[in-house]
Structures are given as structure tokens and as C-alpha cells.
Amino acid sequence: MDAASPSRSRPGSGATSADRRRFVRSAGNGVLASAGAGAIRIPMAVASALSVPAGATQGRIIRVDPHGDIKLPSQAARLARDGDTVEIDPGIYRADVAVWPQSLLQIRARIPGTVRLLADGAAAEAKAIWVLRNGSFDIEGIAFEGARVAGANGAGIRFENGSLRLAACRFADNEVGMLTGNEPGARLTVENCEFEGRRTGNRFGHNLYVGRIASFRATDSWFHTGFRGHLLKTRAASSTVIHCRLIDGPHGQASYELEFPEGGDVLVRGTRIVQESGTQNQVMVSYGTEGYLHPINRLQMLDNSLENRAVAGVFLRVAPGPVKVHLENNRFLGPGELQGVSV
């Protein structure tokens with residue numbers, strides 16, 4: 001399974017803030033808003049849900065409320081402009097999927113952990129529950145669950161380009177928890193998130209799959225219960241994993257716990273990595289198995305705990321090539337060995 005290629009199905013993703021013009025005039029019983037080449041007529045009742053804080057010079061708060069005028073996140077995706085903040089009220093939102101074309105946007109649960117997006121067979125562009133086209137996004141406190149598509153790589157989020165920060169989000173039972181594109185300038189940051197693997201199916205899926213982007217950083221996050229794929233796979237030029245837990249768990253069937261198939265500049269620090277007896281691959285951490293494609297290939301693993309609960313295992317495998325490896329103060333528990341490197 002390759003990381004997603006950038007989509008060309010929707011032109012205009014490079015539109016500037018000026019292109020997405022402000023409300024231009026009243027129009028009968030509604031407000032006419034311009035967004036690129038199209039116009040959206042917003043009923044006055046809906047417009048009232050688009051609040052502008054007192055003294056604010058830009059950006060509105062768009063509230064999604066199952067009992068209000070904007071009832072679904074997909075409605076907010078069509079209404080939001082660059083610089084807005086979308087706040088979603090608690091609830092379970094079923095089969096409501098969306099493409100977010102904005103270039104600058106915050107999306108957050110009003111109460112973290114109370115917003116669940118259940119795919120229920122729906123997928124935006126046959127890709128994901130949410131597709132983030134090309135912008136700077138900040139998403140907090142939302143759960144993405146159950147994505148399925150014909151290509152067997154349905155994701156909670158398909159992040160195609162730009163920069164994305166995820167905080168306190170949960171991904172569960174998706175074919176791929178989250179999938180990025182391969183844009184060399186894209187950046188992904190994950191903070192205090194949970195990635196649980198799919199529960200059924202005939203094909204492997206990774207809990208988080210990061211493509212050939214500029215940088216990836218995960219802190220204080222939990223990856224568990226893999227389904228034949230990897231708990232975390234990243235092809236980024238720079239990857240940082242700090243204070244995370246990659247623990248397959250008693251029902252897990254993960255392959256690698258952590259893979260860097262094309263090398264890169266990698267730091268893994270203060271992280272607990274556990275392989276269970278049901279593993280589909282005895283290797284826990286793999287580096288460079290598909291070749292070294294990045295200008296800097298360096299692996300640093302500091303202050304980590306690696307525990308193998310299978311009969312046999314490989315704690316770390318480093319492929320031959322132009323790579324520098326630094327291991328310091330790591331604990332290796334259970335049966336296993338190091339390949340391609342020494343302590």
C-alpha cells in the first residue's frame with residue numbers, strides 16, 4: 001500500500017484568501033457568499049450561527065449543533081472561509097463526510113472526546129471521512145471511525161498537502177487510520193492522539209501511514225491493536241517519535257510496530273514499544289528496508305523500552321547503507337536480537 005498521491009479531482013486548491021471573498025451583499029432572505037467561482041446562498045438563520053467575536057478583525061466561529069442551523073460538519077466545510085474556527089457540539093455524526101478546501105482553518109470539538117464521526121459506508125471522494133486538500137489545519141478532540149472504501153484504504157483523514165496538527169483525536173477501526181500524500185513540503189504533527197487498528201477485513205492496514213513529506217512528529221500518542229499492517233509507518237524526510245506508546249495489545253496482529261522504510265532523519269525517544277505473541281512479523285522496528293532515499297539518513301533511539309512477548313523476535317533491523325545509528329540507554333526485554341547494528 002502506497003501513501004496517497006495528491007488529488008487532481010478538485011481544481012482551485014491554491015486559491016488565496018482574497019479569492020475566497022467575504023460576504024458581498026444581502027440577497028432577499030439570505031446572504032450571498034462567494035467562494036472561488038461559485039456562490040453559496042446562506043439563509044439568515046444559518047448566517048446567525050456564524051459568530052464573529054467582539055473586536056475581531058478576521059475569522060469567524062462556525063458552530064455545528066445537531067439541534068441548530070448548521071447541523072453537520074459537512075455543512076461547515078462548505079461554509080468555512082480561511083481563518084475561521086469550526087466548533088462541533090457533542091454528538092455522533094453518521095455517514096457525514098467532507099472535503100475541506102480551505103488554506104487556513106481550525107476545527108475542534110467544543111468538548112474534547114465527545115464528537116464521533118462514524119463513516120457508516122460513506123467516504124469523501126472514495127478516500128476518507130475527511131479529506132484535507134491543501135492548507136494549514138489544526139484539528140482537536142474528534143474521533144474518526146469505521147472508514148471503508150472500494151480500494152481497501154479508507155482513512156479517517158486523508159491529508160493531501162500543507163500542514164496539519166492533530167491533538168487529542170482518536171482513529172479507530174478504519175482501513176488505514178490516517179493517510180498522507182507524498183508532497184515534499186507537507187508537515188504533520190500528532191499530539192496526544194490514539195490510533196487503533198481495524199477490527200475485521202481481508203487486507204492489512206496501517207494505523208498511521210505517513211508518506212514522503214517533509215516532517216512528521218508524534219508526541220504522547222498511543223498506537224495499538226494493529227491488523228496485519230504496521231502500528232506506525234513513515235516515509236517522511238524527518239520523523240520524530242517522543243513519549244509515545246506503540247503497544248499492540250493482547251488482541252493485536254500488527255506487523256512492524258514502527259517502520260521507516262526509506263530511512264530519513266529519525267529520532268525515537270522515551271517511547272515504549274511492545275510486540276505481542278500474535279504478531280505478523282517478528283521485527284519490531286525496521287529502518288531502510290526499501291533503500292535510502294533521503295539526503296540525511298540517521299537513526300537515533302534514546303531512552304526507549306522495547307519488549308518482545310513473542311517466542312522470538314528482532315528488536316531492531318537496520319538495512320545496509322549510508323546510515324548513522326546511535327543507540328543509547330534503551331532497554332530490551334524478552335527474546336530477540338539486533339540486526340545490522342550493535343548496542
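The following paragraphs describe the overall make-up, the strand pairing, the nonpolar cores and the aromatic pairs of a predicted model.

The protein contains 2 helices and 35 strands, and buried residues make up 56% of its 343 residues. Among contacts with a separation of 6 or more, 66% are between residues 24 or more positions apart. The accessible surface of the protein amounts to about 14,200 Å², and carbon and sulfur atoms contribute 49% of that area.

One example of strand pairing is centred on strand β29, which spans residues 283–287 and has 5 of its 5 residues buried. Strand β29 runs parallel to strand β26 (residues 258–260), to which it is joined by 3 bridges, and it also runs parallel to strand β32 (residues 314–318), with 4 bridges between them. Tyr287 of β29 takes part in both pairings, standing opposite Phe260 and opposite Val318 in β32.

The largest nonpolar core comprises 70 residues, and within it Trp100 and Trp130 have the most contacts. When neighbours within four places in sequence are left aside, the contacts of Trp130 include Trp100, Phe144, Ile88, Ile107, Leu117, Ile139, Ile142 and Ile157, together with Pro73, Gly156 and Arg158. Another core, of 8 residues, lies apart from this one and has Val99, Val131, Val176 and Tyr209 among its members. In soluble globular proteins, nonpolar side chains tend to be buried together.

The aromatic rings of the model form 8 pairs. In one of these, Trp130 and Phe144 meet edge-to-face, with 5.1 Å from centre to centre and 75° between the planes. This pair links distant parts of the chain, since Trp130 belongs to strand β11 (residues 128–132) and Phe144 to strand β13 (residues 142–145), 14 residues apart. Both Trp130 and Phe144 are buried. The pair formed by Phe171 and Phe195 is stacked, because the ring centres lie 4.9 Å apart and the planes are at 0°. Phe171 in strand β16 (residues 170–172) and Phe195 in strand β19 (residues 194–196) are 24 residues apart, and their pair likewise links distant parts of the chain. Phe171 counts as buried because its relative accessibility is 0%, and Phe195 is buried with a relative accessible area of 0%. Ring pairs link Trp130, Phe144, Phe171 and Phe195, together with Trp100 and Phe223, into a cluster.

A further arrangement involving an aromatic ring is found at Trp222, where Arg245 lies over the ring face at 4.7 Å from the ring centre.

Key
Residues numbered from 1 in each chain as written. Predicted model: local features only at pLDDT ≥ 70, side-chain atom pairs only at ≥ 80, totals over all residues. Heavy atoms only, no water. Core = buried A, V, L, I, M, F, W, Y, C linked by side-chain atoms within 4.5 Å. Buried < 20%, exposed > 50% of the residue type's maximum accessible area, 1.4 Å probe, protein only. Contact = heavy atoms within 4.5 Å. Pairing = 2+ DSSP bridges. Areas by Shrake-Rupley, 256 points an atom, 1.4 Å probe, with all protein chains shown as cover. Phe/Tyr/Trp six-rings, centres within 6.5 Å; stacked < 30°, edge-to-face > 60°. Lys NZ or Arg CZ within 6 Å of the ring centre and 35° of its normal.
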